[in-house]
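This report describes one chain with its ligands, going from a single residue to the overall fold and then to the ligand shells.

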Amino acid sequence: MKCILVDLLSAPLGLPTRRPATASLALQMLSAYSQRSGFQSVIVDAYSSGLSVEETAKKISSVKGPKLLGFAVMSSHVVSRIESVLTLLDLHACDIQHVTLGGYFATFNQDFLLQRLGKVNSVMRFEVDQVFAQLVSAVAEGYDWKELPGIAYREDGKVTVSAGITYPRNLDELPLADRSFERPDTNEVYIQTSRGCYGKCTFCLNIMFSNQEGMPNWRFRSAESVVDEIAHLAKDRGIRKYNIVDENFLGGRQKDARWRAHRIADLLIKNNLNIKFSISCRANDIDSDLLAHLRDAGLFSILLGIESGSSGFLRSIKKGTTVDTNTAAIKMVREAGISLSLGFMPYRPGTTLDSLDAEFRFLDSHVRGARLSPGLSQQLRGQLWVYEGSPEYHALNQKGVRMQRDANTRNMFRYAECSDVVTFRKVNNTLLEMIEAAATEIANLQIPHTRRMAYQRALDDLALDSSLGNLAAFHRHSKMDQSAFIKHARHPLVGEVSDVHSLAQIENLLERHGDSNGD
Ligand code: B12
Ligand code: SF4
């Protein structure tokens, strides 16, 4: 029995998603586990290689012998593609004996998926590392896979979910990701060093996924295991850039978590690996010493869930940080010369023009001129997504906020917004999207890095200035004539960006408006 694991090309959700550097880490980990259990596996990485539905189906059918076919379902966007691939495949002729799905979206939407995709036999929920290998073995040997924990399937016309969830407690016991299907020229990979988070943010899907009763809410690999994997990839394959996918790399302020982070830095430096890596963490967990140590070991970018400049909102989402902690963290990251990525959501239930103004001003005061990745326009249009079943979803329900299932994403809910905000947002986001399009063009320019950074900062300033300017204009016009605002909202420079058709024009434009200052 072979397993074929497929990651399909997906369309982005509101935010631009570049094609990933490599195949899904989840599939690489499942592949490694099934190989350890004695099964061969093949990863069809349609997403990062840009394969069409037809090419994907062709590749699947070219694998010989009895097979179990698995699709990664990270978001709803791949569902119609999975449907198309399955329509093209004659499962019987291809000797595919079982089709399964797994991943974030699959975990919370088993009923929808099993009802819509008739050729799918099962949905594997939550972290299924060991259970996936057990499914492959059950299908190969013909024993009852429906007894496996956390598996959903159709029975008597209904969707049934088997009891239990098995989570790996000790991540060092998991086999290392199978990277044999990565393109040989890959210079950037995803890597996981921990799972879960001790936070209690009411909107967070990650903790609904990774934190289960009876399990520590943050599980981690040892520093030695992490650095051994990196050392192997750096020395044998020359890979220089590592995107650490952990929700919370630092894991908290307790001794063992901090010790691990320092130890990872020590080992990276001692091994002289000369790599770069990015992390996500909470603002209240960083300090200057740790940041400097990690930076010296190669840390180049941090994603901080700042979310807002309003203490009331931070309290309401149970962020567990204050505005002061957040601003101190931003300052430390800037001073350390590390690139900053912000989780920020000015648009949320209850947003008003005044709250937007306060949020934009927060960005103006604390991140203008910072080395941001991605650019500021994404923070200026950030939105709180309400996931079905999250504490935020229940809280809004209790408050009687009107919510509606989002047809596109399915497990997210839209909430009523004030009409002024809806109008403002529509116009301002259009302008911000134009800026993002210009930023994408600049990212592809063959120019020195420092020049690219200067351009990026100029666009960030532009995004901020336009948003603040538009908001002020909207305040002036909204009561009188909203259509006048829509017509006049264009910041002159943004108007120019939208007319830009060539890269040379972008260069000229930004030069005329000056490179930005900043750190
Ligand atoms: C890295 C990442 C990406 C990368 C993926 C690169 C790649 N080649 O895989 C990029 C940037 C491309 C990306 C894109 C998107 N992402 Co993303 N991403 C992540 C992130 C940070 C890590 C995922 C990861 O690798 N985890 C490590 C692996 C080992 O864990 P895992 O994926 O959970 O896999 C386990 C199980 O889920 C299961 N499993 C997973 N796949 C499969 C498949 C089968 C067959 C089986 C049986 C089991 C199984 O087994 C694995 C082992 O236990 C997560 C957040 C997080 N910290 O987890 C968000 C996250 C998964 N992404 C999310 C979203 C929304 C998106 C986008 C829609 C964003 C966009 N703007 O377009 C797209 C959709 C992509 C798609 N194909 O559908 C959401 C999903 C929310 C939801 N759907 O309910 C998350 C949770 C972030 C968030 N909190 O909002 N993403
Ligand atoms: S800090 Fe991040 S990962 Fe942790 S609970 Fe909050 S949103 Fe989720």
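In which helix is the place of leucine 468? Leucine 468 belongs to helix 18, residues 449-477. The model is a predicted one.

**Leucine 468**

Is leucine 468 buried, exposed or partly exposed? It has 18 C-beta neighbours inside 10 Å and therefore counts as partly exposed; a buried residue would need 20 or more. When neighbours within four places in sequence are left aside, the contacts of leucine 468 are Phe360 and Asp364. Phenylalanine 360 lies 108 residues away along the chain, yet its C-alpha atom is separated from that of leucine 468 by 6.8 Å.

**Overall fold**

The chain contains 21 helices and 17 strands. For its 519 residues a compact globule would have a radius of gyration near 24 Å, and the chain agrees with this, having 24 Å. The C-alpha trace spans about 70 × 55 × 45 Å along its principal axes. Of the 519 residues, 43% count as buried. Taking contacts between residues at least 6 apart in sequence, 75% join residues at least 24 apart.

The domain assignment gives domain 1 (2-161) and domain 2 (185-344). Their centres, taken over C-alpha atoms, are separated by 29 Å. Contact between the two involves 6 residues of domain 1 and 8 residues of domain 2. On the side of domain 1 that touches domain 2, the residues divide into 4 nonpolar, 2 polar and no charged.

**Strand pairing**

An open sheet is formed by 3 strands in the order 15-17-16, with antiparallel pairing. Strand 15 (386-387) and strand 16 (403-405) are at the edges; each has a single partner strand, so one side of each is left without a neighbour in the sheet. Strand 15 pairs with strand 17, residues 412-415, over 2 bridges in the antiparallel sense. Opposite tyrosine 387 stands methionine 412 of strand 17.

Strand 8, residues 188-191, runs parallel to strand 11, residues 241-244, and 4 bridges join them. Glutamate 188 stands opposite lysine 241 of strand 11. Which residues of strand 8 are on its covered face, and which on its uncovered one? Val189 and Ile191 make up the covered face, while Glu188 and Tyr190 make up the uncovered one.

**Ligand shells**

The shell of ligand 1 has 41 residues, of which Pro20, Ser24, Ala26, Gly70 and Gly102 are the closest. Where does ligand 1 lie with respect to the two domains? Domain 1 and domain 2 both give residues to its shell, so ligand 1 lies between them. Several elements supply at least two shell residues each, among them strand 3 (67-72), strand 4 (96-102), helix 7 (129-141) and helix 8 (205-210). Helix 1 gives the largest share, 4 residues.

Ligand 2 is surrounded by Cys197, Gly199, Cys201, Cys204, Asn206, Ile207, Glu247, Asn248, Arg282 and Gly305. The make-up of both shells is set out below.

| Shell | Nonpolar | Polar | Charged |
|---|---|---|---|
| Ligand 1 | 24 residues | 14 residues | 3 residues |
| Ligand 2 | 4 residues | 4 residues | 2 residues |

Technical notes: Residues are numbered from 1 along each chain as its sequence is written. Chains are lettered from A and ligands numbered from 1 in the order in which they are written. This is a predicted model: local features need pLDDT of at least 70, side-chain atom pairs count only at pLDDT 80 or more; totals for chains, interfaces and linings use all residues. A residue is near a molecule or strand if its C-beta atom, placed from the backbone, lies within 6 Å of it. Ala, Val, Leu, Ile, Met, Phe, Trp, Tyr, Cys and Pro count as nonpolar, Asp, Glu, Lys and Arg as charged, and the others, Gly among them, as polar. Domain bounds come from an automatic or database domain assignment. The radius of gyration is taken over C-alpha atoms; the globule rule is 2.2 Å times the number of residues to the power 0.38. A residue is buried if 20 or more other C-beta atoms lie within 10 Å of its own, exposed if 12 or fewer, and partly exposed in between; C-beta atoms are placed from the backbone. Two residues are in contact if their C-beta atoms, placed from the backbone, lie within 7 Å. Two strands pair if DSSP finds at least two bridges between them.
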